[in-house]
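Here is a friendly briefing to read alongside the model. Have the sequence and the structure open as you go.

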Amino acid sequence: MTPESPIESTPKGSGIARKILFLIVALIVIAALILLALPMARDVGGILIYSIFGIPRQEEPRAEITLEPLTSRLITVNDTFTVAFNVKTSRPINLIAGTLHVPADVVEYDSFDSENSIINLWIRDPSRTERPDEVKFAGGIQRDGGQGGFTGEGRVVAVTVKPVKAGLGYIKVADATVLAHDGKGTEFPVGRPAIAFLVRNPGEASPDLNGDGDVGIGDVGILLFHFAGNAEGRYDLNGDGRTDIADVQLLWSYASQLH
Ligand SMILES: [Ca+2]
Ligand SMILES: [Ca+2]
(Lines give C-alpha, C1' and ligand atoms only; values in the text may rest on other atoms or scores of the structure.)
(Ligands and ions follow the chains in the order given, each with its own letter.)
Protein backbone atom coordinates (compact mmCIF):
# COMPACT_ATOMS: atom_id res chain seq x y z
CA MET A 1 0.00 0.00 0.00
CA THR A 2 1.53 3.25 -1.16
CA PRO A 3 0.93 6.50 0.77
CA GLU A 4 -1.33 9.05 -0.94
CA SER A 5 0.48 11.84 -2.72
CA PRO A 6 -0.19 15.28 -1.24
CA ILE A 7 -2.17 17.60 -3.49
CA GLU A 8 0.12 20.28 -4.83
CA SER A 9 -0.90 23.49 -6.54
CA THR A 10 0.59 23.84 -9.98
CA PRO A 11 2.94 26.74 -10.71
CA LYS A 12 0.57 27.68 -13.55
CA GLY A 13 -2.44 27.91 -11.16
CA SER A 14 -0.64 30.10 -8.61
CA GLY A 15 0.56 32.39 -11.42
CA ILE A 16 -3.00 32.98 -12.62
CA ALA A 17 -4.14 33.67 -9.01
CA ARG A 18 -1.40 36.27 -8.58
CA LYS A 19 -2.40 37.95 -11.84
CA ILE A 20 -6.07 38.09 -10.80
CA LEU A 21 -5.10 39.54 -7.39
CA PHE A 22 -2.86 42.13 -9.05
CA LEU A 23 -5.70 43.04 -11.43
CA ILE A 24 -8.16 43.49 -8.55
CA VAL A 25 -5.76 45.73 -6.58
CA ALA A 26 -5.00 47.74 -9.73
CA LEU A 27 -8.72 48.25 -10.38
CA ILE A 28 -9.29 49.43 -6.77
CA VAL A 29 -6.37 51.89 -7.01
CA ILE A 30 -7.66 53.24 -10.35
CA ALA A 31 -11.17 53.60 -8.89
CA ALA A 32 -9.77 55.42 -5.82
CA LEU A 33 -7.74 57.79 -8.04
CA ILE A 34 -10.85 58.56 -10.11
CA LEU A 35 -12.83 59.23 -6.90
CA LEU A 36 -10.04 61.52 -5.67
CA ALA A 37 -10.41 63.56 -8.85
CA LEU A 38 -14.13 64.12 -8.20
CA PRO A 39 -14.77 66.75 -5.51
CA MET A 40 -17.97 65.06 -4.33
CA ALA A 41 -16.24 61.69 -3.84
CA ARG A 42 -12.83 62.87 -2.61
CA ASP A 43 -13.28 61.55 0.92
CA VAL A 44 -14.16 58.04 -0.29
CA GLY A 45 -11.17 57.99 -2.65
CA GLY A 46 -8.87 59.25 0.08
CA ILE A 47 -10.00 56.54 2.51
CA LEU A 48 -9.37 53.84 -0.14
CA ILE A 49 -5.89 55.13 -1.00
CA TYR A 50 -4.90 55.54 2.68
CA SER A 51 -6.28 52.05 3.48
CA ILE A 52 -4.55 50.29 0.54
CA PHE A 53 -1.13 51.77 1.22
CA GLY A 54 -1.46 51.86 5.03
CA ILE A 55 -0.92 55.64 5.21
CA PRO A 56 -2.28 57.16 8.46
CA ARG A 57 -4.81 59.90 7.62
CA GLN A 58 -4.02 63.36 8.89
CA GLU A 59 -6.62 64.43 11.42
CA GLU A 60 -8.74 67.39 10.35
CA PRO A 61 -8.03 70.41 12.57
CA ARG A 62 -11.07 71.08 14.68
CA ALA A 63 -12.31 72.97 17.69
CA GLU A 64 -15.43 72.26 19.72
CA ILE A 65 -17.48 74.43 22.04
CA THR A 66 -19.42 72.90 24.92
CA LEU A 67 -21.71 74.24 27.64
CA GLU A 68 -21.17 72.51 30.97
CA PRO A 69 -23.56 72.79 33.91
CA LEU A 70 -21.49 73.46 37.03
CA THR A 71 -24.53 73.23 39.31
CA SER A 72 -27.71 71.13 39.18
CA ARG A 73 -30.02 71.87 36.26
CA LEU A 74 -32.98 71.35 38.61
CA ILE A 75 -33.25 74.51 40.66
CA THR A 76 -35.76 76.53 42.64
CA VAL A 77 -36.58 80.19 42.25
CA ASN A 78 -33.83 82.37 43.78
CA ASP A 79 -31.26 79.55 43.73
CA THR A 80 -28.46 80.12 41.25
CA PHE A 81 -27.44 78.15 38.20
CA THR A 82 -23.92 78.24 36.73
CA VAL A 83 -22.92 77.14 33.26
CA ALA A 84 -19.42 77.15 31.79
CA PHE A 85 -18.52 77.93 28.17
CA ASN A 86 -15.63 75.59 27.33
CA VAL A 87 -13.51 75.04 24.27
CA LYS A 88 -11.61 71.96 23.14
CA THR A 89 -9.12 72.14 20.29
CA SER A 90 -6.55 69.86 18.67
CA ARG A 91 -4.66 72.80 17.07
CA PRO A 92 -3.41 76.00 18.74
CA ILE A 93 -5.97 78.81 18.90
CA ASN A 94 -5.49 82.45 19.90
CA LEU A 95 -8.90 84.13 19.81
CA ILE A 96 -12.34 83.20 21.12
CA ALA A 97 -15.42 85.40 20.88
CA GLY A 98 -18.96 84.46 21.72
CA THR A 99 -22.53 85.54 22.32
CA LEU A 100 -24.70 83.69 24.81
CA HIS A 101 -28.46 83.88 24.84
CA VAL A 102 -30.02 83.70 28.30
CA PRO A 103 -33.81 83.61 28.94
CA ALA A 104 -34.45 87.01 30.49
CA ASP A 105 -38.05 86.06 31.34
CA VAL A 106 -36.87 83.19 33.61
CA VAL A 107 -33.56 84.38 35.04
CA GLU A 108 -31.57 87.48 35.83
CA TYR A 109 -27.79 87.66 35.76
CA ASP A 110 -25.85 87.10 38.91
CA SER A 111 -22.17 87.07 37.93
CA PHE A 112 -19.58 86.27 35.28
CA ASP A 113 -16.39 84.42 36.14
CA SER A 114 -13.61 85.38 33.75
CA GLU A 115 -10.78 84.79 36.23
CA ASN A 116 -10.38 81.02 35.80
CA SER A 117 -10.13 81.26 32.04
CA ILE A 118 -7.76 80.14 29.29
CA ILE A 119 -8.16 83.72 27.98
CA ASN A 120 -5.38 85.98 29.23
CA LEU A 121 -6.05 89.03 27.05
CA TRP A 122 -9.66 90.08 27.48
CA ILE A 123 -10.69 92.24 24.55
CA ARG A 124 -14.24 92.47 25.82
CA ASP A 125 -14.97 91.30 29.37
CA PRO A 126 -18.08 89.08 29.60
CA SER A 127 -21.00 91.45 30.06
CA ARG A 128 -24.58 92.05 29.07
CA THR A 129 -25.30 93.95 25.92
CA GLU A 130 -28.10 96.49 25.59
CA ARG A 131 -30.38 93.46 25.22
CA PRO A 132 -31.44 91.82 28.50
CA ASP A 133 -31.06 88.30 27.09
CA GLU A 134 -27.55 88.60 25.69
CA VAL A 135 -23.98 88.22 27.02
CA LYS A 136 -20.97 88.95 24.82
CA PHE A 137 -17.26 88.36 25.32
CA ALA A 138 -14.04 88.24 23.31
CA GLY A 139 -10.50 87.43 24.31
CA GLY A 140 -7.08 86.50 23.06
CA ILE A 141 -4.65 83.84 24.23
CA GLN A 142 -0.92 84.38 24.32
CA ARG A 143 1.41 81.73 25.66
CA ASP A 144 5.15 81.19 25.61
CA GLY A 145 5.86 84.91 25.37
CA GLY A 146 3.40 85.43 22.54
CA GLN A 147 4.73 82.57 20.42
CA GLY A 148 2.06 80.00 21.31
CA GLY A 149 -1.70 79.68 21.42
CA PHE A 150 -3.88 77.29 23.39
CA THR A 151 -4.26 73.58 22.63
CA GLY A 152 -6.37 71.19 24.70
CA GLU A 153 -9.55 71.72 26.70
CA GLY A 154 -10.33 74.62 28.99
CA ARG A 155 -12.91 77.02 30.33
CA VAL A 156 -13.46 80.38 28.67
CA VAL A 157 -16.09 81.87 30.97
CA ALA A 158 -18.68 80.79 33.54
CA VAL A 159 -22.03 82.56 33.76
CA THR A 160 -24.19 82.40 36.88
CA VAL A 161 -27.86 83.29 36.65
CA LYS A 162 -30.58 83.58 39.25
CA PRO A 163 -34.04 82.24 38.39
CA VAL A 164 -36.88 84.67 39.04
CA LYS A 165 -39.82 82.44 38.09
CA ALA A 166 -40.67 78.80 37.54
CA GLY A 167 -40.32 77.31 34.09
CA LEU A 168 -37.98 75.72 31.61
CA GLY A 169 -35.03 77.83 30.47
CA TYR A 170 -32.33 77.47 27.85
CA ILE A 171 -28.88 79.00 27.74
CA LYS A 172 -27.66 78.91 24.17
CA VAL A 173 -24.55 79.83 22.24
CA ALA A 174 -26.00 82.32 19.76
CA ASP A 175 -22.69 82.96 18.03
CA ALA A 176 -19.08 81.86 18.46
CA THR A 177 -15.76 82.46 16.73
CA VAL A 178 -12.55 80.49 17.33
CA LEU A 179 -9.41 81.45 15.40
CA ALA A 180 -6.34 79.32 14.79
CA HIS A 181 -2.94 80.54 16.01
CA ASP A 182 -1.50 80.19 12.53
CA GLY A 183 -0.64 83.75 11.55
CA LYS A 184 -3.53 83.76 9.07
CA GLY A 185 -6.51 84.08 11.40
CA THR A 186 -8.07 80.87 10.10
CA GLU A 187 -11.54 80.37 11.57
CA PHE A 188 -12.51 76.97 12.93
CA PRO A 189 -16.05 75.83 12.24
CA VAL A 190 -17.76 75.41 15.63
CA GLY A 191 -21.26 74.45 16.72
CA ARG A 192 -23.80 76.36 18.79
CA PRO A 193 -24.73 74.16 21.74
CA ALA A 194 -27.57 74.85 24.18
CA ILE A 195 -28.37 73.62 27.66
CA ALA A 196 -31.76 73.34 29.37
CA PHE A 197 -32.59 73.84 33.04
CA LEU A 198 -35.76 73.56 35.04
CA VAL A 199 -36.86 76.07 37.67
CA ARG A 200 -39.60 75.30 40.18
CA ASN A 201 -41.18 77.34 42.95
CA PRO A 202 -39.91 76.81 46.51
CA GLY A 203 -41.98 74.15 48.29
CA GLU A 204 -42.99 72.36 45.08
CA ALA A 205 -42.12 68.67 44.88
CA SER A 206 -38.91 67.89 43.01
CA PRO A 207 -39.37 65.98 39.76
CA ASP A 208 -36.05 64.22 40.42
CA LEU A 209 -37.67 61.23 42.14
CA ASN A 210 -34.62 58.94 42.01
CA GLY A 211 -32.27 61.68 43.23
CA ASP A 212 -29.74 61.44 40.38
CA GLY A 213 -29.72 65.20 39.80
CA ASP A 214 -31.60 64.95 36.52
CA VAL A 215 -35.13 64.38 35.22
CA GLY A 216 -35.44 61.33 33.00
CA ILE A 217 -37.44 58.27 32.12
CA GLY A 218 -36.43 56.57 35.41
CA ASP A 219 -38.28 59.27 37.35
CA VAL A 220 -41.41 58.65 35.26
CA GLY A 221 -41.20 54.93 36.13
CA ILE A 222 -41.00 55.73 39.85
CA LEU A 223 -44.01 58.04 39.63
CA LEU A 224 -46.04 55.35 37.85
CA PHE A 225 -45.06 52.87 40.60
CA HIS A 226 -46.50 55.23 43.23
CA PHE A 227 -49.38 56.32 41.05
CA ALA A 228 -52.51 54.49 42.25
CA GLY A 229 -54.30 56.29 45.05
CA ASN A 230 -51.16 57.93 46.35
CA ALA A 231 -51.65 61.48 47.53
CA GLU A 232 -48.23 61.79 49.12
CA GLY A 233 -46.94 65.29 48.47
CA ARG A 234 -43.65 64.04 47.07
CA TYR A 235 -45.44 62.59 44.04
CA ASP A 236 -47.86 65.50 43.53
CA LEU A 237 -45.72 67.45 41.10
CA ASN A 238 -48.27 70.08 40.04
CA GLY A 239 -49.38 70.71 43.63
CA ASP A 240 -53.10 70.07 43.13
CA GLY A 241 -53.35 67.71 46.12
CA ARG A 242 -53.40 64.40 44.27
CA THR A 243 -51.16 62.20 42.17
CA ASP A 244 -52.71 61.44 38.80
CA ILE A 245 -52.07 61.41 35.07
CA ALA A 246 -51.51 65.18 35.04
CA ASP A 247 -48.40 64.69 37.22
CA VAL A 248 -47.12 61.91 34.94
CA GLN A 249 -47.64 64.10 31.86
CA LEU A 250 -45.89 67.01 33.54
CA LEU A 251 -42.90 64.83 34.46
CA TRP A 252 -42.78 63.38 30.94
CA SER A 253 -42.79 66.88 29.53
CA TYR A 254 -39.87 67.93 31.81
CA ALA A 255 -37.85 64.83 30.85
CA SER A 256 -38.38 65.29 27.11
CA GLN A 257 -37.58 69.01 27.17
CA LEU A 258 -34.42 68.62 29.24
CA HIS A 259 -32.98 65.96 26.91
CA1 LIG B 1 -33.89 61.73 38.29
CA1 LIG C 1 -50.97 66.41 41.12
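**Strand pairing around S3**

Strand S1 (residues 63-69) and strand S3 (residues 81-101) run antiparallel and are joined by seven bridges. Please keep in mind that this is a predicted model. The notes below follow S3 through its other pairings, then turn to a pair of helices and a loop residue.

**Partners of S3**

- In the pairing of S1 with S3, a good place to start is Thr-66, whose bridge partner in S3 is Asn-86.
- S3 also pairs with S7 in the antiparallel sense, over 10 bridges. Look for Ile-93, which stands opposite Phe-150 in S7.
- Strand S6 (residues 134-140) is another antiparallel partner of S3, with seven bridges between them. Here Leu-100 has Val-135 in S6 as its bridge partner.
- S3 and S8 run antiparallel too, and eight bridges join them. His-101 can serve as a marker, as this residue stands opposite Lys-172 in S8.

**The helix pair H3 and H4**

- Two packed helices are described by the angle between their axes and the distance between the axes.
- For helix H3 (residues 217-225) and helix H4 (residues 245-258), the angle is about 170 degrees and the axes are 9 Å apart.
- Angles over 145 degrees count as roughly antiparallel, so H3 and H4 are roughly antiparallel to each other.
- On the H3 side, the contact is made by Ile-217, Asp-219, Val-220, Leu-223 and Leu-224. H4 contributes Asp-247, Val-248, Leu-251, Trp-252 and Ala-255.
- Sorted by class, the contact of H3 with H4 has eight nonpolar residues, two charged ones and no polar ones.

**Lys-165 in the loop between S7 and S8**

- Where does Lys-165 sit? Its place is in the loop that lies between strand S7 (150-163) and strand S8 (167-180).
- Is Lys-165 buried or exposed? There are 11 other C-beta atoms within 10 Å of Lys-165, and a residue with 12 or fewer counts as exposed, so Lys-165 is exposed.
- Setting aside neighbours within four places in sequence, Lys-165 is in contact with Val-77, Val-106 and Val-199.
- Thr-76 is also worth finding: its C-alpha atom is separated by 8.5 Å from that of Lys-165, although the two residues are 89 residues apart along the chain.

Methods: Residues numbered from 1 in each chain as written. Chains lettered and ligands numbered in written order. Predicted model: local features only at pLDDT ≥ 70, side-chain atom pairs only at ≥ 80, totals over all residues. Helix = DSSP H or I, 4+ residues; strand = E, 2+ residues; numbered from the N terminus. Buried ≥ 20, exposed ≤ 12 C-beta atoms within 10 Å, placed from the backbone. Contact = placed C-beta atoms within 7 Å. Axes fitted to C-alpha atoms, helices over the stretch in contact; angles between N-to-C directions. Parallel < 35°, antiparallel > 145°, perpendicular 65-115°, else oblique. Nonpolar A, V, L, I, M, F, W, Y, C, P; charged D, E, K, R; others polar. Pairing = 2+ DSSP bridges.
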